[in-house]
Amino acid sequence: MIAEHVTCQMLVELVTEWMDGALAPETRVELELHMVTCAACTTYVDQLRKTRAALGQLHDEAPPEPAVRQNLLSLFRQKTAGAPGEGPGDDAPGDAGAAADDGGSGATDGDGA
Ligand SMILES: [Zn+2]
């Protein structure tokens, strides 16, 4: 039985321990209850989690959330897909060079052996 409600300030103070799994089960449940009912804390926890993951400070065995990975992947794809489209003037000579390179490297590979 829990008498006190978790406040946003309590969540901020306890969230690190929560992430490390260091909280008592009752406290953890209270925090998680607050998270699902408080948009601000949901955002805060989400950002904190991403920051920690980016810093590589997560000691948990748990891999990054699939949603986060998908976000990164789609961002990466957007970047790689958009790159060739930019600067059409630069692209023309670059394309020719790349084509020649491809043939050259293939021949070199065969010769080198
Ligand atoms: Zn809150």
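Hi everyone, this is a short walk through the helices of one predicted chain and how they pack.

Two notes on conventions before we start. Residue numbers begin at 1 in each chain and follow its sequence as written. The model is predicted, so local features need pLDDT of at least 70 and side-chain atom pairs count only at pLDDT 80 or more, while totals for chains, interfaces and linings use all residues.

Let's take the overall picture. The chain has 5 helices and 0 strands, where helices are DSSP runs of H or I with at least four residues, strands are runs of E with at least two, and both are numbered from the N terminus. The order from the N terminus is α-α-α-α-α. Of the 113 residues, 4% count as buried. Buried here requires 20 or more other C-beta atoms within 10 Å of the residue's own; 12 or fewer is exposed, in between is partly exposed, and C-beta atoms are placed from the backbone. As for contacts, meaning C-beta atoms placed from the backbone and lying within 7 Å, 45% of those with a separation of 6 or more join residues 24 or more positions apart.

Now the first helix pair on my list. Helix α1, residues 8–19, packs against helix α3, residues 39–55, at about 30°, with the axes 11 Å apart. Axes are lines fitted to C-alpha atoms, for helices over the stretch in contact, and angles run from 0 to 180 degrees between N-to-C directions. The two are therefore roughly parallel: that label covers angles under 35 degrees, with over 145 roughly antiparallel, 65 to 115 roughly perpendicular and the rest oblique. Their crossing is right-handed, that is, the near helix is turned clockwise from the far one by less than a right angle, anticlockwise being left-handed.

Who touches whom? From α1 we have Cys8, Leu11, Val12, Val15 and Met19, and across from them in α3 sit Ala40, Cys41, Tyr44, Val45, Leu48, Arg49 and Arg52. By class that gives 10 nonpolar, no polar and 2 charged residues. Nonpolar means Ala, Val, Leu, Ile, Met, Phe, Trp, Tyr, Cys and Pro; charged means Asp, Glu, Lys and Arg; the others, Gly among them, are polar.

Next, α1 with α2. These pack at about 120°, again with axes 11 Å apart, which makes α1 oblique to α2. The crossing is left-handed. Leu11, Leu14 and Trp18 of α1 meet Thr27, Arg28, Leu31 and His34 of α2, a mix of 4 nonpolar, 2 polar and 1 charged.

Which residues make up the largest nonpolar core? Val6, Leu11, Met35, Cys41 and Val45, 5 residues in all; such a core is a set of buried Ala, Val, Leu, Ile, Met, Phe, Trp, Tyr and Cys residues joined through C-beta atoms within 7 Å. Beyond its neighbours within four places in sequence, Val45 contacts Val15 and Met35.

Finally, two residues of α2, which spans residues 25–37. Glu32 lies in this helix and is partly exposed because it has 15 C-beta neighbours inside 10 Å. Its C-alpha is 9.1 Å from that of Trp18, 14 residues away in sequence. Leu33 is in α2 too, and with 13 such neighbours it counts as partly exposed. Between the C-alpha atoms of Leu33 and His5, 28 residues apart along the chain, the separation is 9.6 Å.

Thanks for listening!

Note on methods. Two residues are in contact if their C-beta atoms, placed from the backbone, lie within 7 Å.
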